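Here are a few notes to help you find your way around this one. Have the sequence and the model open side by side as you read.

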Amino acid sequence: MDNIKLGEFIKSLGSDLDIKEGKQFTEVTVPPSELHSLARQLREREETLFDFLVSITGVDYGPDLGLIYHLRSTKYGHTVVIKSRTSDREHPQLDSVSDIWEAADLHEREAFDLLGIKFANHPDLRRLFLNSSWGFPLRKDYIDDDIITW
């Protein structure tokens, strides 16, 4: 299956998906409410079998906070990029995919620690690198009072 057919198949899995054919990968933008369902289907459907979660990257887009998932099918050699974002900066939350890919556990904890994105149904959501006295240093609105200016 080439990227165009892959995009068409993924589009059939959800009602509110935006598919873009990138130079390297098929990119899918999904609303937070459909993220977990789409992820499970991409993992379990015989046509896709995305069995390897390469990475989850948290992003501060300014008005929104989001996540970018890189998924790989070791059987078919496909790679897909899934993007989801929330405009709720005060209480950002998306569904955890750690029940689908175990590797998501630490990736989600990192996004929580550095950007403050919470993951519903995560088995152990706690800070990974920093203690609770820190804010969320990868947010664009983060202010570090301890920065030394020369």
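1. A quick word on names before we start: helices and strands here are DSSP runs, numbered from the N terminus, with a helix needing at least four residues and a strand at least two. Keep in mind, too, that this is a predicted model.

2. Start with the sheet. Five strands make it up, it is open, and the order is β1-β2-β5-β4-β3, with mixed pairing. At the edges sit β1 (18-21) and β3 (52-60), each of which pairs on one side only. Ignoring direction, neighbouring strands are turned by 20 degrees against each other on average.

3. Now look at the β3 and β4 pair. These two run antiparallel and are joined by eight bridges. If you want one bridge to click on, try S55, whose partner in β4 is H70.

4. Two helices are worth placing against those strands. α3 packs on the sheet, where it touches β3 and β4, and its direction makes about 10 degrees with that of β3. α1 lies across β1, β2 and β5, and runs at about 175 degrees to β1.

5. Then there's α2 (residues 32-44). Does its length agree or disagree with what its residue count suggests? It agrees: at 1.5 Å a residue, its 13 residues should span 18 Å, and the end C-alpha atoms are 19 Å apart. Its buried residues are E34, L35, H36, L38, A39 and L42. They pack against α1 (3-11), β2 (26-29), β4 (65-72), β5 (79-86) and β6 (93-95).

6. Next, D105, which you'll find in helix α3 (residues 104-115). Its relative accessible area is 25%, so it is classed as partly exposed. Beyond its neighbours within four places in sequence, D105 is in contact with S98 and H122. I117 is twelve residues away from D105 along the chain, and their C-alpha atoms are separated by 13 Å.

7. Finally, R127, in the segment after β7 (118-120). Is R127 buried or exposed? It counts as buried, because its relative accessibility is 17% and the cut-off for buried is under 20%. What does its side chain meet? There is a polar contact with the side chain of D113, at 2.4 Å. A polar atom of the R127 side chain also lies 2.9 Å from the backbone oxygen of W134. Leaving out neighbours within four places in sequence, the contacts of R127 include R109, F112, S132, G135, F136 and P137.

Conventions
Residues are numbered from 1 along each chain as its sequence is written. This is a predicted model: local features need pLDDT of at least 70, side-chain atom pairs count only at pLDDT 80 or more; totals for chains, interfaces and linings use all residues. Side-chain values use heavy atoms; hydrogens and water are left out. Buried means under 20% relative accessible area, exposed over 50%, partly exposed in between (1.4 Å probe, protein chains only). Contact means heavy atoms within 4.5 Å. A polar contact is a pair of N or O atoms within 3.5 Å; within protein, one must be able to donate a hydrogen and the other to accept it, and residues adjacent in sequence count only if both atoms are side-chain atoms. The expected span of a helix is 1.5 Å times one less than its number of residues. Two strands pair if DSSP finds at least two bridges between them. Axes are lines fitted to C-alpha atoms, for helices over the stretch in contact, and angles run from 0 to 180 degrees between N-to-C directions.
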